[in-house]
Every structure is written in C-alpha cells, then in structure tokens.
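Please work through the exercises below with the sequence and the model at hand. Each task is followed by a solution in steps.

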Amino acid sequence: MKIICIARNYAAHAKELNNAIPENPVIFLKPDTAIIINNRPFFLPEWSTKMDYETELVFKIGKVGKYIDEKFAAEYISEVTLGIDFTERALQGELKSKGLPWELSKSFDGSAVIGKFLKPDSLKNYKNIEFRMEKNGETVQHAHSSEMIFPMTKIISFVSQYFTLKTGDLIFSGTPQGVGSVSIGDRLTGFIEDKEMFAFNIK
Ligand code: ZN
C-alpha cells in the first residue's frame with residue numbers, strides 16, 4: 001500500500017507558512033514504514049529540532065482505480081479517520097530553500113499517525129466533516145472538510161491520472177491552520193465530530 005499526501009489544501013494554512021494557493025493539488029508520498037497505529041507513542045527522532053503536527057482527515061481507498069472521473073470518485077473511499085502528518089519543519093525549510101524533495105522531513109518512520117477508521121455513513125455530516133485536535137487538552141486545530149481548496153473527489157481524480165489507486169491506500173488530505181511543534185511529554189488527541197480517533201504521547 002502507499003500513502004499519498006496533499007500539501008497546502010487549506011487557504012489559511014498555506015498563508016500561515018507563506019505559501020501561494022496552488023493551481024493543482026501538491027502531492028508527496030510516505031512509505032508504509034511511516035505508519036503508527038493503535039495509539040502507540042511517537043518517538044522524536046534524535047536529529048529533529050522542530051517537529052510539527054499537522055492534523056488531517058485521512059481517507060482509505062476501497063477499490064482499484066486509474067483515470068477516475070471526479071463524478072465517481074466518492075465511490076472509491078471506503079473509510080475515513082484522522083491522522084497526523086508529522087513534519088520536521090526545520091529540515092523541510094532547508095530542503096525547500098535548496099529546491100530539493102521534502103521526503104526526509106515528511107516521510108521518516110513514524111511520520112504518519114492514523115486513528116481508528118470509520119465508515120462514511122457513521123458520520124453525522126460526511127459532506128462537511130468536522131474535526132479537531134487537542135494538544136495537552138487544548139484545541140489547537142479545528143476545521144471542516146468543506147474548507148479544503150481541493151475536495152477529496154478532485155484529489156482522487158487528479159492523483160489517479162498519475163498513480164493507480166489500490167485497495168488500502170491512504171490519502172492524507174492536508175492540514176488546516178494552527179500547526180505547531182511538539183515536545184517530549186506532549187499528548188495529542190484527535191476527534192472527528194464527537195468521536196475520539198486517536199490519543200497518544202510524544203516520547
Ligand atoms: Zn500535511
């Protein structure tokens with residue numbers, strides 16, 4: 001399986017990092033070794049100096065598809081959860097300034113935390129999913145899926161022009177504003193609507 005991530009998909013977040021609003025979705029990948037499940041702790045890598053959380057809706061692909069029409073894209077989503085796209089912001093800044101790929105700063109082991117999965121029909125409002133994340137009990141990110149620049153159907157259609165989507169692939173759909181750093185001892189708790197999706201510690 002593969003993990004496909006969308007960058008700069010919320011206008012307010014693009015602005016907080018001084019990035020332009022993109023014309024097309026900005027895409028990067030993470031390997032399966034990035035995944036953390038079951039509320040296991042996130043261990044800060046020794047080389048990290050500024051580790052940021054990015055809270056994101058994560059969509060699981062339920063069937064194989066290529067060149068998917070936007071009209072049918074919703075049928076390819078089988079489940080949804082909340083995740084953290086951990087980003088080493090200092091290293092990312094260095095790589096960006098040199099025009100180099102971001103993978104070392106975004107695709108390292110443990111950089112893709114995922115919560116428990118929900119069926120779309122178990123949500124109160126699947127068309128406009130509300131989600132938030134608490135750091136040490138205080139809400140630091142809160143948004144709705146309708147604020148995405150590129151909706152999931154557009155992302156699925158766009159990505160499938162380049163990559164065959166396979167059952168079990170995950171799509172991290174981008175973070176809203178409010179990103180910030182974590183330190184050892186922090187606890188991150190994520191919610192979709194009123195459901196707790198993950199709760200884990202930084203070690
Ligand atoms: Zn992200």
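The exercises that follow concern a predicted model.

**Exercise 1. The zinc site**

Task: Identify the protein donors of the zinc ion and state what spacing they follow along the chain.

Solution.
Step 1. The zinc ion has as its protein donors Glu54 (OE), Glu56 (OE) and Asp85 (OD), which lie 1.9 to 2.1 Å from it.
Step 2. Along the chain, these donors of the zinc ion follow the spacing E-x1-E-x28-D.
Step 3. Glu56 and Asp85 link distant parts of the chain: Glu56 belongs to strand E5 (residues 55-61) and Asp85 to strand E6 (residues 77-85), 29 residues apart.
Step 4. Both Glu56 and Asp85 are buried.

**Exercise 2. The surroundings of Arg89**

Task: Determine whether Arg89 is buried or exposed, and list which residues it touches beyond four places in sequence.

Solution.
Step 1. Arg89 is located in helix H2 (residues 89-97).
Step 2. Its relative accessible area is 12%, and the limit for a buried residue is under 20%, so Arg89 is buried.
Step 3. The side chains of Arg89 and Gln92 are joined by a polar contact of 2.9 Å.
Step 4. Leaving aside residues up to four places away in sequence, Arg89 touches Leu17, Lys50, Asp52, Glu54 and Val179. Among these, Glu54 is one of the protein donors of the zinc ion.

**Exercise 3. The small sheet**

Task: Give the strand order of the open sheet formed by three strands and explain why E7 and E12 each have one side without a neighbour.

Solution.
Step 1. The order of the three strands is E7-E4-E12, with antiparallel pairing.
Step 2. Strand E7 (87-88) and strand E12 (180-181) stand at the edges; each has a single partner strand, so one side of each has no neighbour in the sheet.
Step 3. E4 and E7 run antiparallel and are joined by two bridges. Asp52 stands opposite Thr87 in E7; Asp52 is also among the residues that Arg89 touches.

**Exercise 4. The seven-stranded sheet**

Task: State the order of the open sheet of seven strands and say how many bridges join E5 to E6.

Solution.
Step 1. The order is E2-E1-E11-E5-E6-E8-E3, and the pairing is mixed.
Step 2. At the edges stand strand E2 (26-30) and strand E3 (35-36); a single partner strand is available to each, so each has one side left without a neighbour in the sheet.
Step 3. E5 and E6 run antiparallel, joined by seven bridges. Val58 stands opposite Thr81 in E6.

**Exercise 5. The nonpolar cores**

Task: Describe the largest nonpolar core and find which element gives it the largest share.

Solution.
Step 1. The largest nonpolar core has 42 residues, and those with the most contacts inside it are Leu57, Ile84, Phe86, Ile156, Leu188, Ile192 and Phe200.
Step 2. Elements that give two or more residues to this core include strand E1 (3-7), E5, E6, helix H4 (152-159) and strand E14 (195-201).
Step 3. H4 supplies the largest share of this core, five residues.
Step 4. A second, separate core of eleven residues includes Val58, Ile114, Leu170 and Phe172.
Step 5. Not counting residues up to four places away in sequence, the residues touched by Leu57 include Val80, Leu82, Phe131, Met148, Phe172 and Ile192.

**Exercise 6. Aromatic pairs**

Task: Classify the pair Phe158 and Tyr162, and decide for each ring's residue whether it is buried or exposed.

Solution.
Step 1. The model contains seven aromatic pairs.
Step 2. The pair of Phe158 and Tyr162 is tilted, at 5.3 Å centre to centre with 50 degrees between the planes.
Step 3. Phe158 is buried, with a relative accessible area of 16%, whereas Tyr162 is exposed, with 57%.
Step 4. Phe198 and Phe200 also form a tilted pair, at 5.6 Å centre to centre and 55 degrees between the planes. Both Phe198 and Phe200 are buried.
Step 5. One aromatic cluster is formed by Phe42, Phe86, Phe198 and Phe200.

**Exercise 7. The position of Glu134**

Task: Locate Glu134 and state which side chain shares a polar contact of 2.8 Å with it.

Solution.
Step 1. Glu134 is found in strand E9 and is buried, its relative accessible area being 16%.
Step 2. The polar contact of 2.8 Å joins the side chains of Glu134 and Arg132.
Step 3. Beyond four places in sequence, Glu134 touches Thr139, Arg187, Leu188, Thr189 and Phe191.

Notes
Residues are numbered from 1 along each chain as its sequence is written. This is a predicted model: local features need pLDDT of at least 70, side-chain atom pairs count only at pLDDT 80 or more; totals for chains, interfaces and linings use all residues. Side-chain values use heavy atoms; hydrogens and water are left out. Donors are N, O and S atoms within 2.8 Å of the metal (3.2 Å for Na, K and Ca); water is not among the atoms, so sites may look incomplete. Helices (H or I, at least four residues) and strands (E, at least two) are DSSP runs, numbered from the N terminus. Buried means under 20% relative accessible area, exposed over 50%, partly exposed in between (1.4 Å probe, protein chains only). A polar contact is a pair of N or O atoms within 3.5 Å; within protein, one must be able to donate a hydrogen and the other to accept it, and residues adjacent in sequence count only if both atoms are side-chain atoms. Contact means heavy atoms within 4.5 Å. A nonpolar core is a set of buried Ala, Val, Leu, Ile, Met, Phe, Trp, Tyr and Cys residues joined through side-chain atoms within 4.5 Å. Two strands pair if DSSP finds at least two bridges between them. Rings of Phe, Tyr and Trp (its six-membered ring) pair if their centres lie within 6.5 Å; planes under 30 degrees apart count as stacked, over 60 as edge-to-face and the rest as tilted.
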